[in-house]
Amino acid sequence: MEFEAVIGLEIHAEMSTKTKMFCRCDNDSFDKEANINTCPVCMGFPGQLPVVNEEAINKGIKAALALNCEIQTYCKFDRKNYFYPDSPKGFQISQFDEPLSKGGWVEVDVLGKNPRKIKVRITRLHLEDDAGKLTHVRNGSLVDFNRSGTPLMEIVSEPDLHTSEEASAYAREIQKIVRYVGSSEADMEKGMMRFDASVSIRPIGETKLYPRAEIKNLNSFKSLESAVDYEIQRQTDLWNEGKPLISPTTVGWSDEKQETYFMRDKEESDDYRYFPEPDIPPLYFEKKTIDDLKKEIPELPNVKKKRYMEEFDLPEDDARILSDDLKLAQYFEAVVAKSKDAKKAVSFINTILMKHLREELISVNEQKVTAEMMVELIELVNAGTISNNQAKGEVFEEMYMTGANPKTIVDKKGLKQVSDTSAIEAVCKKVLESNAQSIADLKAGKDKAFGFLVGQVMKEMKGQGNPQIVNEMLRKVLADL
Ligand code: ZN
Ligand code: MN
């Protein structure tokens with residue numbers, strides 16, 4: 001029997017707000033001492049009143065709008081009851097039957113061997129607060145409540161995904177969008193974005209959903225992919241053995257063993273005894289509030305990508321690289337605005353600059369080559385002062401390392417491009433004299449020999465010959481032979 005996997009994702013993203021969801025504690029605890037950002041509210045002391053963080057609501061609305069969700073005119077918070085040492089209140093404040101938003105979708109580019117676009121429906125985006133963090137040590141567990149009360153967005157997808165590749169591409173698209181609207185930094189390394197993946201299997205052709213396994217708390221794209229692949233294989237084997245899952249289960253993922261393990265039978269919502277949070281009044285949104293927030297949403301990555309393809313005639317891959325990251329896109333647009341040379345801007349940014357950013361895992365704002373310097377570099381090439389190769393090679397490398405201006409580097413190194421035709425002609429003649437074999441090859445139709453000769457001329461001129469003039473001159477001298 002042939003099977004297909006049916007996958008849905010719940011994504012939790014920590015919001016980039018100044019303070020926590022229901023208290024005024026600092027929401028930035030990165031690298032801070034444990035339990036330093038806490039107060040009676042986020043520690044769940046009795047009699048303390050939570051107050052909703054307006055910034056979190058607004059950023060939640062912006063993310064929901066960017067995901068094409070419908071903002072509900074009315075929403076409320078509910079208590080989701082469970083007992084675990086990371087939750088001092090004994091419940092999480094979440095949203096149950098009246099969430100912030102419902103019914104969105106995103107378009108996702110799935111890359112890889114079989115590139116395609118898929119549309120993934122989004123069930124809802126709701127808000128809640130995060131729990132503390134447990135660290136298990138030899139003789140017990142330590143708890144840090146700094147994270148307790150951090151605002152979270154939970155983004156729930158419909159089961160529209162069918163492979164680990166699609167699940168990961170979808171998760172990356174969500175990451176891009178929440179970053180674009182400024183609702184979350186969604187930094188995986190800092191645990192700001194976590195996935196729960198529900199996986200089930202069905203014989204191809206069937207439309208019903210079979211019991212699923214929900215893989216909890218995946219914290220990297222790689223573990224998401226591996227865990228989903230593992231679970232698809234495990235459930236396929238179970239089907240083939242004639243004993244498919246008969247009820248939903250909750251499983252964990254071990255990065256070490258690269259396998260899922262049974263945690264518990266999946267709890268139904270009844271088990272949480274949801275009830276309306278009595279300390280927080282429901283929220284009502286006016287159309288004007290929503291419209292004003294809508295205006296703050298920037299051009300989104302997919303739209304930007306399409307615009308780059310049309311406006312600058314870029315191939316889709318180049319347009320995607322630039323639009324993936326809002327800061328990089330802004331950098332690119334600044335370079336194009338001044339240099340008026342989109343082709344060179346793309347070629348310089350996506351190759352030489354991106355190579356460094358990828359190697360060092362840094363963003364465009366964390367390196368020394370400003371957009372103005374990039375413009376200057378492009379202008380030096382377009383004015384014929386230096387060659388493209390010189391620009392991309394030693395000049396850029398020096399700019400990147402030292403932060404010096406390209407003009408200064410060119411002067412200091414004496415890197416002028418030679419455009420003097422008589423000088424180039426002399427070198428061409430000299431090279432041809434000592435390469436009789438290549439001339440013979442050319443006459444025999446071996447066009448490659450021409451490239452070799454150009455290379456020899458450039459070498460002789462220490463890379464400073466104007467490539468266009470070298471090409472033309474070489475053809476002329478060859479024709480005159
Ligand atoms: Zn607090
Ligand atoms: Mn949740």
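This is a guided tour of a predicted model, going from the domains to a zinc site, two cavities, a pocket and a few single residues.

**Domains**

Begin by colouring the protein chain by its assigned domains, which are domain 1 (3-292), domain 2 (299-413) and domain 3 (421-480). If you place a marker at the C-alpha centre of domain 1 and another at that of domain 3, the two markers will stand 63 Å apart.

**The zinc site**

Next, select the zinc ion (ligand 1) together with Cys23, Cys25, Cys39 and Cys42, whose SG atoms coordinate the ion at 2.3 to 2.4 Å. The angles among the four donor atoms run from 102 to 114 degrees, and the site is tetrahedral. For comparison, the ideal angle for four tetrahedral donors is 109.5 degrees. Read along the chain, the donors of the zinc ion follow the spacing C-x1-C-x13-C-x2-C. Within this set, Cys25 and Cys42 form a pair that links distant parts of the chain: they are 17 residues apart, and each lies in the loop between strand S1 (3-14) and helix H1 (54-66).

Are Cys25 and Cys42 buried or exposed? Cys25 has a relative accessible area of 9% and is therefore buried, since the cut-off is under 20%, and Cys42, at 4% relative accessibility, counts as buried as well.

While the loop between S1 and H1 is still on screen, select Asp31, which lies in that loop. Its phi is positive, at about 65 degrees, although Asp31 is not a glycine. In contrast to the two cysteines just visited, Asp31 counts as exposed because its relative accessibility of 71% is over 50%.

**The largest cavity**

Now turn to the enclosed spaces, of which there are two with a volume of 30 Å³ or more. The largest cavity has a volume of about 50 Å³, and to see its walls you can select Ile201, Tyr210, Pro211, Gln235, Leu238, Trp239, Pro244 and Leu245. Helix H3 (residues 221-240) supplies the largest share of this lining, with three residues. Sorted by class, the lining of the largest cavity consists of seven nonpolar residues and one polar residue, with no charged residues.

**The second largest cavity**

Move on to the second largest cavity, which holds about 40 Å³ of space and is lined by Asp109, Glu173, Lys176, Pro301, Asn302, Lys305, Arg320 and Ser323. The elements that contribute two or more residues to this lining are helix H2 (164-180), helix H5 (301-311) and helix H6 (316-323), and H5 gives the most, with three residues. By class, the lining of the second largest cavity has one nonpolar, two polar and five charged residues.

Where does the second largest cavity lie with respect to the domains? Both domain 1 (3-292) and domain 2 (299-413) give residues to its lining, so the cavity lies between them.

**The second largest pocket**

With domain 1 and domain 2 still displayed, go to the second largest pocket, where about 1,700 Å³ of space is found. To centre the view, select Gln175, Lys176, Arg179, Asp324 and Asp325, which are the closest to the centre of this pocket among the 40 residues that line it. Two or more lining residues come from each of strand S6 (101-110), H2, H3, H6, H7 and H8, and the largest share, nine residues, comes from H2. Colouring the lining of the second largest pocket by class will show 14 nonpolar, seven polar and 19 charged residues. At least three of the lining residues are drawn from each of domain 1 (3-292) and domain 2 (299-413).

**Two further stops**

From H7 and H8, step to Lys340, which is found in the loop between helix H7 (326-339) and helix H8 (342-360). Lys340 has a positive phi, near 55 degrees, in a residue other than glycine, and at 69% relative accessibility this residue counts as exposed.

Finish at Ile71, which lies in strand S2 (residues 70-71) and, at 12% relative accessibility, counts as buried. Draw a C-alpha to C-alpha distance from Ile71 to Leu125, and the viewer should give 9.2 Å for two residues that are 54 residues apart in sequence.

Key. Residues are numbered from 1 along each chain as its sequence is written. Chains are lettered from A and ligands numbered from 1 in the order in which they are written. This is a predicted model: local features need pLDDT of at least 70, side-chain atom pairs count only at pLDDT 80 or more; totals for chains, interfaces and linings use all residues. Side-chain values use heavy atoms; hydrogens and water are left out. Donors are N, O and S atoms within 2.8 Å of the metal (3.2 Å for Na, K and Ca); water is not among the atoms, so sites may look incomplete. Four donors count as tetrahedral if all angles lie between 85 and 135 degrees; four count as square planar and six as octahedral if opposite donors are over 155 degrees apart and all others between 65 and 115; anything else is irregular. Helices (H or I, at least four residues) and strands (E, at least two) are DSSP runs, numbered from the N terminus. Buried means under 20% relative accessible area, exposed over 50%, partly exposed in between (1.4 Å probe, protein chains only). On a 1 Å grid over the protein atoms alone, a cavity is a set of points where a 1.4 Å probe fits but cannot get out, and a pocket is an open set with protein on both sides within 12 Å along at least five of seven lines; lining residues have an atom within 4 Å of a point. Grid points are joined across faces, edges and corners, and a volume is the space filled by probe spheres set on the points. Ala, Val, Leu, Ile, Met, Phe, Trp, Tyr, Cys and Pro count as nonpolar, Asp, Glu, Lys and Arg as charged, and the others, Gly among them, as polar. Domain bounds come from an automatic or database domain assignment.
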